[in-house]
Amino acid sequence: MPPLPPPPSPLHAKARLRRRVTHRLSDLRSTRIKLLELFTDVNCNMEIMKSAVDGYFSLLQGFIASLDGTTKENKLRFIQNFKWTDTLQGNTVSAQQDAIFELASMEFNIALWHTKYASRLAGKEDVTVDEAKDVHRSLRTAAGIFKHIKDNDVSRLVTMPEKGKDLESRVLDTYVVQCQAEAQEVTIARAIELKHNPGLIAALAYETAIFYQKADHILTTLDPSYTGKWRKYLQLKHSFYLAYTYCYHGQTLLVSDKCGEAIRSLQEAEKYYSKAETLCQEYRQTKGPGSTAKPSEHLFFRKLGAYVRNTLEKCQRENGFIYFQKVPPEAPQLELKANYGLVDAQPWELPELGAMWSQELYAAFDITRGPKDDKAKVKEEEVKPVKEPDLKPQVDTGCSVS
């Protein structure tokens, strides 16, 4: 019988573990680079993005989740310094030596990608039903991610976000509400296309106007030097959907033989439409971060103005020939509540911890060689923004969240 092979050397086992540690770090770096590249890839869709997100976060969680069977903090959480810039405050670097800061910041950019993807689809000349569903789903997903960051990640940071930073609660809340509002716009467009009951359309438009008003109100306590432009956009959308509300509410009143009230409702629609036009001009003239949409040039915007005028003229003719009702001095009170079509944020869940992680691998990481300070010193510097492709939609969507 041939002699048995010698038992594996402990040195060889340690060498294998060190190689596995090196591979995990290399995998983390490569999957992160791949994910960042997809943010500017015009051919990327939601399925490709989800695959890349799952691949990176399943690895990153090995630096956050407890891997030693205890409730102690993961020893790998603070070994790497991560740097990000903010959407509202220029290219000044924010940095934290914290894997949860990286998790929340990457999630934030994934949510922004979903808003850009929705805007790109909505900007096509002829949007199919399936594409409209993808726009709706993408905006709900973005809302869910922003909400997840606020509810689950921010409170775990060692250093809380400063006022107006991307991860600050008011910024996140505004993004959540705006994404819900813009997803609801898809619902309204679909209801109008299918000629649903005017009462339903009026109620949906009213709920959407309230969303935009709420988002604008959240930003009132932040510096107008970087929120002024954003607020103008939210205000014009609020006025625009109030115009929609009064227009379709007027039709509901006319069907109920309340022609005088219908005329007054349509007059209110005209007022808010004119206000939205004025706010469009102010929005385009206001300086601030982000691209400038042109909602007043969008067909959906222009059609409403003509529709309001035509409907008002119809009501006035009917009143002159049939009803002979007085037009009230005050606009009708809006007590509208939509029972269908309201948008909630899509719950966001992280992928499971990658199968490549184990207690043995975790124990093999030697953090004594890394930096010991758990708070990164932020060096004030300017960084070059990621150059996005020059995507000119066939139709201006009027979408500004992206």
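**Helix α6 and the aromatic rings**

Mentor: In this predicted model, helix α6 covers residues 198-218, and its 21 residues reach 30 Å from the first C-alpha to the last, close to the 30 Å expected at 1.5 Å a residue.

Trainee: What makes the approach of N197 to G199 at the start of α6 a polar contact?

Mentor: A side-chain oxygen of N197 comes to within 2.6 Å of the backbone nitrogen of G199, and because the cut-off for such a pair of N or O atoms is 3.5 Å, the distance satisfies it.

Trainee: Why is the pair of Y175 and W230 called tilted?

Mentor: The ring centres are 4.9 Å apart, and the planes stand at 45°; stacked pairs need an angle under 30 degrees and edge-to-face pairs one over 60, so this pair falls under the remaining name, tilted. By this rule the count of aromatic pairs comes to 19.

Trainee: Which parts of the chain does the pair of Y175 and W230 link?

Mentor: The pair links distant parts, since Y175 belongs to helix α5 (residues 169-193) and W230 to helix α7 (residues 224-255), 55 residues apart.

Trainee: How do you know whether Y175 is buried or exposed, and what about W230?

Mentor: Buried means under 20% relative accessible area, so Y175, at 5%, counts as buried, and W230, at 10%, is buried as well.

Trainee: What makes you say that the charged end of K229 sits over the ring of Y283?

Mentor: The charged end of K229 is 4.7 Å from the centre of the Y283 ring, where the distance limit is 6 Å. The charged end of K75 likewise sits over the ring of Y362, 4.9 Å from its centre.

Conventions. Residues numbered from 1 in each chain as written. Predicted model: local features only at pLDDT ≥ 70, side-chain atom pairs only at ≥ 80, totals over all residues. Heavy atoms only, no water. Phe/Tyr/Trp six-rings, centres within 6.5 Å; stacked < 30°, edge-to-face > 60°. Helix = DSSP H or I, 4+ residues; strand = E, 2+ residues; numbered from the N terminus. Buried < 20%, exposed > 50% of the residue type's maximum accessible area, 1.4 Å probe, protein only. Lys NZ or Arg CZ within 6 Å of the ring centre and 35° of its normal. Expected span 1.5 Å × (residues − 1). Polar contact = N/O pair within 3.5 Å; in protein donor to acceptor, adjacent residues only side chain to side chain.
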